[in-house]
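User: I would like to learn how to read packing and side-chain pairing in a model. Can we work through one together?

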Amino acid sequence: MSAQTDPAELPGTTKGASQEGTNGVTDGVTKEKPGPPSKVRKAGESSEGGVLNVFSHGVLVIWGLLVTMPLLWAVVSSFKDDTEIFGSPWGLPSVLHFDNWARAWDKANMGQYFLNSLIVVGGSLIGTMLLGSMAAYVLARFDFPGNRFLYFLFVGGMGFPVILALVPLFFVMKNMTLLDSYHGLVLVYIAYSLPFTVFFLSGFFKTLPTSVAEAALIDGASHTRTFFQVMLPMAKPGLISVGIFNFLGQWNQYLLPTVLNVGDPDKKMLTQGLVALAVSQGYKGDWSGLFAGLTIAMLPVLAAYIIFQRQVVAGLTAGALK
(Lines give C-alpha, C1' and ligand atoms only; values in the text may rest on other atoms or scores of the structure.)
Protein backbone atom coordinates (compact mmCIF):
# COMPACT_ATOMS: atom_id res chain seq x y z
CA MET A 1 0.00 0.00 0.00
CA SER A 2 1.20 3.49 -0.82
CA ALA A 3 1.39 5.99 1.99
CA GLN A 4 -1.22 8.78 1.89
CA THR A 5 0.11 12.30 2.05
CA ASP A 6 -1.42 14.68 4.58
CA PRO A 7 -2.68 17.82 2.79
CA ALA A 8 -1.31 19.91 5.59
CA GLU A 9 2.20 18.69 4.83
CA LEU A 10 2.16 19.66 1.14
CA PRO A 11 4.56 22.41 0.12
CA GLY A 12 3.15 25.93 0.25
CA THR A 13 0.37 25.00 2.70
CA THR A 14 0.05 25.26 6.44
CA LYS A 15 -2.22 23.64 8.87
CA GLY A 16 -3.73 26.88 9.95
CA ALA A 17 -4.35 27.86 6.36
CA SER A 18 -6.10 24.62 5.58
CA GLN A 19 -8.27 24.91 8.65
CA GLU A 20 -9.10 28.50 7.83
CA GLY A 21 -10.06 27.55 4.31
CA THR A 22 -12.34 24.75 5.47
CA ASN A 23 -13.85 25.98 8.70
CA GLY A 24 -12.87 29.64 8.87
CA VAL A 25 -11.17 28.94 12.23
CA THR A 26 -7.52 29.42 13.12
CA ASP A 27 -6.23 27.70 16.26
CA GLY A 28 -9.75 27.46 17.64
CA VAL A 29 -10.38 31.24 17.48
CA THR A 30 -12.90 32.64 15.02
CA LYS A 31 -11.52 35.55 12.98
CA GLU A 32 -13.81 38.63 13.11
CA LYS A 33 -14.43 40.27 9.79
CA PRO A 34 -13.99 44.06 9.73
CA GLY A 35 -17.19 46.09 9.81
CA PRO A 36 -18.47 47.60 6.60
CA PRO A 37 -16.99 51.02 5.83
CA SER A 38 -20.47 52.40 5.24
CA LYS A 39 -21.06 52.52 8.98
CA VAL A 40 -18.07 54.78 9.42
CA ARG A 41 -19.31 57.06 6.65
CA LYS A 42 -22.77 57.19 8.15
CA ALA A 43 -21.34 58.23 11.50
CA GLY A 44 -19.35 61.01 9.84
CA GLU A 45 -22.34 62.12 7.85
CA SER A 46 -24.52 62.22 10.96
CA SER A 47 -22.03 64.44 12.79
CA GLU A 48 -21.76 66.77 9.79
CA GLY A 49 -25.54 66.79 9.46
CA GLY A 50 -25.89 67.72 13.14
CA VAL A 51 -23.54 70.68 12.73
CA LEU A 52 -25.41 71.75 9.59
CA ASN A 53 -28.77 71.51 11.38
CA VAL A 54 -27.51 73.63 14.27
CA PHE A 55 -26.16 76.24 11.85
CA SER A 56 -29.35 76.32 9.74
CA HIS A 57 -31.58 76.55 12.81
CA GLY A 58 -29.43 79.36 14.16
CA VAL A 59 -29.77 81.30 10.92
CA LEU A 60 -33.55 80.76 10.96
CA VAL A 61 -33.78 81.99 14.55
CA ILE A 62 -31.79 85.14 13.71
CA TRP A 63 -33.93 85.74 10.61
CA GLY A 64 -37.12 85.24 12.64
CA LEU A 65 -35.96 87.78 15.23
CA LEU A 66 -35.09 90.32 12.52
CA VAL A 67 -38.61 89.95 11.08
CA THR A 68 -40.69 89.78 14.25
CA MET A 69 -38.92 92.33 16.44
CA PRO A 70 -39.86 95.42 14.34
CA LEU A 71 -43.47 94.22 14.18
CA LEU A 72 -43.64 93.66 17.93
CA TRP A 73 -41.98 97.02 18.55
CA ALA A 74 -44.56 98.78 16.37
CA VAL A 75 -47.43 97.05 18.18
CA VAL A 76 -46.02 97.91 21.63
CA SER A 77 -45.38 101.51 20.56
CA SER A 78 -49.00 101.86 19.45
CA PHE A 79 -50.03 101.60 23.14
CA LYS A 80 -47.56 104.26 24.36
CA ASP A 81 -47.77 108.03 24.36
CA ASP A 82 -45.22 110.16 22.51
CA THR A 83 -43.16 110.76 25.68
CA GLU A 84 -42.71 107.06 26.32
CA ILE A 85 -41.90 106.32 22.66
CA PHE A 86 -38.87 108.66 22.80
CA GLY A 87 -38.06 108.30 26.51
CA SER A 88 -38.06 104.48 26.72
CA PRO A 89 -38.37 103.14 23.17
CA TRP A 90 -37.56 99.54 24.17
CA GLY A 91 -39.63 99.45 27.36
CA LEU A 92 -43.20 98.34 27.90
CA PRO A 93 -45.93 100.98 28.23
CA SER A 94 -46.75 101.99 31.78
CA VAL A 95 -50.41 102.41 30.81
CA LEU A 96 -52.15 101.01 27.73
CA HIS A 97 -53.28 104.02 25.70
CA PHE A 98 -56.18 102.65 23.67
CA ASP A 99 -57.08 106.20 22.73
CA ASN A 100 -54.24 106.07 20.16
CA TRP A 101 -56.22 103.51 18.18
CA ALA A 102 -59.45 105.49 18.49
CA ARG A 103 -57.69 108.69 17.39
CA ALA A 104 -56.14 106.96 14.38
CA TRP A 105 -59.44 105.31 13.44
CA ASP A 106 -61.61 108.43 13.68
CA LYS A 107 -59.55 111.61 13.41
CA ALA A 108 -57.03 110.27 10.91
CA ASN A 109 -59.88 108.72 8.91
CA MET A 110 -58.22 105.30 9.01
CA GLY A 111 -61.61 103.63 9.37
CA GLN A 112 -62.77 104.93 5.96
CA TYR A 113 -59.46 104.02 4.35
CA PHE A 114 -59.64 100.55 5.85
CA LEU A 115 -63.12 100.05 4.43
CA ASN A 116 -62.01 101.29 0.99
CA SER A 117 -59.10 98.86 0.93
CA LEU A 118 -61.34 96.03 2.07
CA ILE A 119 -63.83 96.68 -0.77
CA VAL A 120 -61.20 96.98 -3.50
CA VAL A 121 -58.97 94.11 -2.36
CA GLY A 122 -61.96 91.84 -1.72
CA GLY A 123 -63.38 92.39 -5.20
CA SER A 124 -60.03 92.14 -6.96
CA LEU A 125 -59.04 89.01 -5.04
CA ILE A 126 -62.24 87.21 -6.04
CA GLY A 127 -61.83 88.23 -9.68
CA THR A 128 -58.13 87.34 -9.73
CA MET A 129 -58.64 83.88 -8.26
CA LEU A 130 -61.62 83.08 -10.52
CA LEU A 131 -60.08 84.24 -13.80
CA GLY A 132 -56.58 83.08 -12.91
CA SER A 133 -57.64 79.56 -11.92
CA MET A 134 -59.74 79.16 -15.07
CA ALA A 135 -56.93 80.33 -17.35
CA ALA A 136 -54.34 78.21 -15.54
CA TYR A 137 -56.54 75.11 -15.74
CA VAL A 138 -57.03 75.45 -19.49
CA LEU A 139 -53.34 76.12 -20.15
CA ALA A 140 -52.25 73.21 -17.94
CA ARG A 141 -54.76 70.50 -18.96
CA PHE A 142 -55.64 71.15 -22.61
CA ASP A 143 -53.49 71.09 -25.73
CA PHE A 144 -54.46 73.56 -28.46
CA PRO A 145 -52.61 75.77 -30.96
CA GLY A 146 -51.12 78.77 -29.19
CA ASN A 147 -51.12 77.18 -25.73
CA ARG A 148 -47.45 77.82 -25.05
CA PHE A 149 -47.63 81.28 -26.61
CA LEU A 150 -50.40 82.36 -24.24
CA TYR A 151 -48.62 80.81 -21.28
CA PHE A 152 -45.40 82.69 -22.00
CA LEU A 153 -47.37 85.90 -22.43
CA PHE A 154 -48.54 85.53 -18.84
CA VAL A 155 -45.02 84.66 -17.71
CA GLY A 156 -43.68 87.71 -19.56
CA GLY A 157 -46.19 89.87 -17.73
CA MET A 158 -44.43 88.99 -14.46
CA GLY A 159 -41.22 90.58 -15.72
CA PHE A 160 -42.86 93.78 -16.97
CA PRO A 161 -42.41 96.53 -14.35
CA VAL A 162 -45.68 98.26 -13.61
CA ILE A 163 -43.99 101.64 -13.32
CA LEU A 164 -43.47 101.65 -17.11
CA ALA A 165 -47.23 101.39 -17.65
CA LEU A 166 -48.34 104.10 -15.22
CA VAL A 167 -48.61 106.97 -17.73
CA PRO A 168 -50.51 105.09 -20.48
CA LEU A 169 -52.58 103.35 -17.79
CA PHE A 170 -53.60 106.70 -16.35
CA PHE A 171 -54.83 108.00 -19.72
CA VAL A 172 -56.61 104.72 -20.53
CA MET A 173 -58.43 104.85 -17.20
CA LYS A 174 -59.21 108.53 -17.75
CA ASN A 175 -60.70 107.90 -21.19
CA MET A 176 -62.83 105.10 -19.73
CA THR A 177 -63.92 107.36 -16.82
CA LEU A 178 -62.57 104.84 -14.30
CA LEU A 179 -60.39 107.19 -12.26
CA ASP A 180 -61.28 107.64 -8.57
CA SER A 181 -63.57 104.61 -8.61
CA TYR A 182 -63.61 101.29 -6.80
CA HIS A 183 -64.29 99.20 -9.91
CA GLY A 184 -61.45 100.90 -11.79
CA LEU A 185 -58.94 99.89 -9.13
CA VAL A 186 -60.44 96.39 -9.00
CA LEU A 187 -59.86 95.90 -12.73
CA VAL A 188 -56.29 97.21 -12.50
CA TYR A 189 -55.49 95.01 -9.50
CA ILE A 190 -56.84 91.96 -11.34
CA ALA A 191 -54.71 92.68 -14.41
CA TYR A 192 -51.70 93.32 -12.16
CA SER A 193 -52.06 90.00 -10.29
CA LEU A 194 -53.10 87.64 -13.11
CA PRO A 195 -49.61 86.78 -14.48
CA PHE A 196 -48.32 85.42 -11.18
CA THR A 197 -51.61 83.65 -10.44
CA VAL A 198 -51.66 81.86 -13.81
CA PHE A 199 -47.98 80.94 -13.54
CA PHE A 200 -48.38 79.51 -10.03
CA LEU A 201 -51.64 77.64 -10.57
CA SER A 202 -50.75 76.18 -13.97
CA GLY A 203 -47.87 74.30 -12.41
CA PHE A 204 -50.14 73.19 -9.58
CA PHE A 205 -52.90 71.91 -11.88
CA LYS A 206 -50.35 69.78 -13.75
CA THR A 207 -49.68 67.79 -10.57
CA LEU A 208 -53.34 66.82 -10.09
CA PRO A 209 -54.27 63.29 -11.23
CA THR A 210 -55.75 63.08 -14.71
CA SER A 211 -57.75 59.94 -13.89
CA VAL A 212 -60.12 61.90 -11.62
CA ALA A 213 -61.05 64.35 -14.38
CA GLU A 214 -61.45 61.51 -16.88
CA ALA A 215 -63.75 59.66 -14.48
CA ALA A 216 -65.91 62.75 -14.06
CA LEU A 217 -66.18 63.19 -17.83
CA ILE A 218 -67.10 59.51 -18.26
CA ASP A 219 -69.86 59.95 -15.68
CA GLY A 220 -71.36 62.70 -17.83
CA ALA A 221 -69.98 65.84 -16.21
CA SER A 222 -69.21 68.76 -18.50
CA HIS A 223 -65.84 70.49 -18.53
CA THR A 224 -67.29 73.37 -16.51
CA ARG A 225 -68.73 71.08 -13.86
CA THR A 226 -65.53 69.03 -13.75
CA PHE A 227 -63.52 72.17 -13.14
CA PHE A 228 -65.72 73.74 -10.44
CA GLN A 229 -66.83 70.59 -8.59
CA VAL A 230 -63.86 68.24 -9.01
CA MET A 231 -60.59 69.93 -9.93
CA LEU A 232 -61.03 73.23 -8.09
CA PRO A 233 -61.60 71.59 -4.66
CA MET A 234 -58.54 69.41 -5.25
CA ALA A 235 -56.49 72.55 -5.89
CA LYS A 236 -57.51 74.15 -2.59
CA PRO A 237 -53.96 74.29 -1.08
CA GLY A 238 -52.61 76.02 -4.17
CA LEU A 239 -55.54 78.44 -4.30
CA ILE A 240 -55.05 79.43 -0.67
CA SER A 241 -51.31 79.91 -1.16
CA VAL A 242 -51.60 82.16 -4.21
CA GLY A 243 -54.58 83.90 -2.61
CA ILE A 244 -52.46 84.87 0.41
CA PHE A 245 -49.71 86.20 -1.84
CA ASN A 246 -52.19 88.21 -3.91
CA PHE A 247 -53.89 89.57 -0.81
CA LEU A 248 -50.55 90.65 0.60
CA GLY A 249 -49.49 92.38 -2.62
CA GLN A 250 -52.82 94.09 -3.23
CA TRP A 251 -53.34 95.17 0.38
CA ASN A 252 -49.90 96.83 0.52
CA GLN A 253 -50.17 98.36 -2.97
CA TYR A 254 -49.33 102.05 -2.92
CA LEU A 255 -48.15 103.04 -6.40
CA LEU A 256 -51.30 102.19 -8.36
CA PRO A 257 -53.84 103.89 -6.05
CA THR A 258 -51.60 106.95 -5.79
CA VAL A 259 -51.71 107.37 -9.59
CA LEU A 260 -55.35 106.37 -10.14
CA ASN A 261 -56.93 107.91 -7.02
CA VAL A 262 -56.03 111.58 -7.29
CA GLY A 263 -59.31 113.46 -7.00
CA ASP A 264 -61.54 112.03 -4.26
CA PRO A 265 -59.86 111.90 -0.81
CA ASP A 266 -62.68 109.75 0.57
CA LYS A 267 -61.72 106.90 -1.76
CA LYS A 268 -58.09 106.64 -0.76
CA MET A 269 -56.61 103.28 0.16
CA LEU A 270 -55.14 102.44 3.55
CA THR A 271 -51.55 102.84 2.36
CA GLN A 272 -52.37 106.33 1.08
CA GLY A 273 -53.94 107.14 4.43
CA LEU A 274 -50.79 106.08 6.31
CA VAL A 275 -48.60 108.26 4.11
CA ALA A 276 -51.01 111.18 4.48
CA LEU A 277 -50.99 110.70 8.27
CA ALA A 278 -47.19 110.72 8.38
CA VAL A 279 -46.88 113.78 6.11
CA SER A 280 -49.65 115.81 7.76
CA GLN A 281 -47.94 115.59 11.16
CA GLY A 282 -45.22 118.02 10.15
CA TYR A 283 -43.46 119.07 13.34
CA LYS A 284 -46.36 118.05 15.55
CA GLY A 285 -45.34 114.38 15.63
CA ASP A 286 -48.34 112.26 16.60
CA TRP A 287 -46.15 109.16 16.61
CA SER A 288 -48.44 107.12 18.83
CA GLY A 289 -51.32 107.61 16.39
CA LEU A 290 -49.03 106.74 13.48
CA PHE A 291 -47.97 103.47 15.10
CA ALA A 292 -51.61 102.68 15.87
CA GLY A 293 -52.54 103.23 12.22
CA LEU A 294 -49.62 101.10 11.10
CA THR A 295 -50.77 98.27 13.37
CA ILE A 296 -54.32 98.55 12.03
CA ALA A 297 -52.97 98.24 8.49
CA MET A 298 -50.90 95.12 9.12
CA LEU A 299 -53.35 93.19 11.33
CA PRO A 300 -55.46 91.73 8.45
CA VAL A 301 -52.38 90.37 6.67
CA LEU A 302 -51.00 88.79 9.84
CA ALA A 303 -54.38 87.29 10.70
CA ALA A 304 -54.80 85.80 7.22
CA TYR A 305 -51.37 84.21 7.28
CA ILE A 306 -51.76 82.83 10.82
CA ILE A 307 -55.10 81.25 9.95
CA PHE A 308 -54.00 79.72 6.64
CA GLN A 309 -50.32 79.02 7.32
CA ARG A 310 -50.71 75.23 7.00
CA GLN A 311 -52.47 75.56 3.65
CA VAL A 312 -49.78 77.96 2.42
CA VAL A 313 -47.00 75.48 3.20
CA ALA A 314 -48.99 72.61 1.69
CA GLY A 315 -49.61 74.58 -1.50
CA LEU A 316 -45.95 75.52 -1.88
CA THR A 317 -44.71 71.93 -1.42
CA ALA A 318 -47.48 70.10 -3.29
CA GLY A 319 -45.73 70.37 -6.66
CA ALA A 320 -42.49 68.86 -5.34
CA LEU A 321 -43.99 65.50 -4.30
CA LYS A 322 -46.25 63.13 -6.17
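User: Start with the core. Which residues have the most contacts inside the largest nonpolar core?

Analyst: This is a predicted model. Its largest nonpolar core has 52 residues. Those with the most contacts inside it are Met-110, Tyr-189, Leu-201, Phe-205, Phe-247, Trp-251 and Leu-270.

User: Which elements give two or more residues to this core?

Analyst: Helices H5 (110-141), H7 (166-175), H8 (182-206) and H10 (223-234) are among them. Helices H11 (236-251), H12 (255-260), H13 (270-281) and H14 (287-307) also belong to that list.

User: Take one core residue. What is Leu-201 in contact with, leaving aside its neighbours within four places in sequence?

Analyst: Leu-201 is in contact with Gly-132, Ser-133 and Ala-136, and also with Gly-238, Leu-239 and Val-242.

User: How many helices and strands are there in the protein?

Analyst: The protein has 15 helices and two strands. Of its 322 residues, 32% are buried. Now look at contacts between residues at least 6 apart in sequence: 71% of them join residues at least 24 apart.

User: Next, polar side chains. Is Thr-197 buried or exposed?

Analyst: Thr-197 is in helix H8. Its relative accessibility is 0%, so Thr-197 counts as buried. Look for a polar partner. A polar atom of the Thr-197 side chain lies 2.8 Å from the backbone oxygen of Ser-193. Beyond residues up to four places away in sequence, Thr-197 touches Thr-128, Gly-132, Val-242 and Asn-246. Gly-132 and Val-242 are also in contact with Leu-201.

User: Where does Asn-147 lie?

Analyst: Asn-147 lies in helix H6, residues 147-158. With a relative accessible area of 7%, Asn-147 is buried. Again, check the polar atoms. One in the Asn-147 side chain lies 3.3 Å from the backbone oxygen of Leu-139. Leaving out residues up to four places away in sequence, Asn-147 touches Val-138, Leu-139 and Phe-142.

User: Now the aromatics. How many aromatic pairs does the structure hold?

Analyst: The structure holds 17 aromatic pairs. To read one, take the distance between ring centres and the angle between planes. For Phe-79 and Phe-98 the centres are 5.4 Å apart and the planes are at 75°, so this pair is edge-to-face. Planes over 60 degrees apart earn that label.

User: Which parts does that pair tie together?

Analyst: Phe-79 lies in the loop between helix H2 (37-77) and helix H3 (82-87). Phe-98 lies in the loop between H3 and helix H4 (99-106). The pair therefore ties together parts that are 19 residues apart in sequence. Phe-79 is buried, at a relative accessible area of 17%.

User: Which residues do ring pairs link into a cluster?

Analyst: Ring pairs link Tyr-137, Phe-142, Phe-205, Phe-227 and Phe-228 into a cluster. Two of these names have come up before. Phe-205 is listed among the core residues with the most contacts, and Phe-142 is touched by Asn-147.

User: What sits over the ring of Tyr-151?

Analyst: The charged end of Arg-148 does, 4.5 Å from the ring centre. Tyr-182 has a charge over its ring too: Lys-267 lies over its face, at 5.4 Å from the ring centre.

User: On to salt bridges. What is the count?

Analyst: Start with the general idea. Side chains of opposite charge can pair when their charged atoms come close. The count here comes to one salt bridge. Arg-103 forms a salt bridge with Asp-99, and the closest N and O atoms are 3.7 Å apart. The cut-off is 4 Å.

User: How are Arg-103 and Asp-99 placed in helix H4?

Analyst: They are four residues apart in helix H4, so about one helical turn separates them. Arg-103 is partly exposed, with a relative accessible area of 22%. Asp-99 also counts as partly exposed, at 43%.

User: Last, the backbone. What is phi of Thr-177?

Analyst: Thr-177 has a positive phi of about 50°, although it is not a glycine. Thr-177 is in the loop between H7 and H8 and is exposed, with a relative accessible area of 65%. Asp-180 is in the loop between H7 and H8 as well. Phi of Asp-180 is also positive, near 55°.

Key. Residues numbered from 1 in each chain as written. Predicted model: local features only at pLDDT ≥ 70, side-chain atom pairs only at ≥ 80, totals over all residues. Heavy atoms only, no water. Phe/Tyr/Trp six-rings, centres within 6.5 Å; stacked < 30°, edge-to-face > 60°. Buried < 20%, exposed > 50% of the residue type's maximum accessible area, 1.4 Å probe, protein only. Lys NZ or Arg CZ within 6 Å of the ring centre and 35° of its normal. Core = buried A, V, L, I, M, F, W, Y, C linked by side-chain atoms within 4.5 Å. Contact = heavy atoms within 4.5 Å. Salt bridge = Lys/Arg side-chain N within 4 Å of Asp/Glu carboxyl O. Polar contact = N/O pair within 3.5 Å; in protein donor to acceptor, adjacent residues only side chain to side chain.
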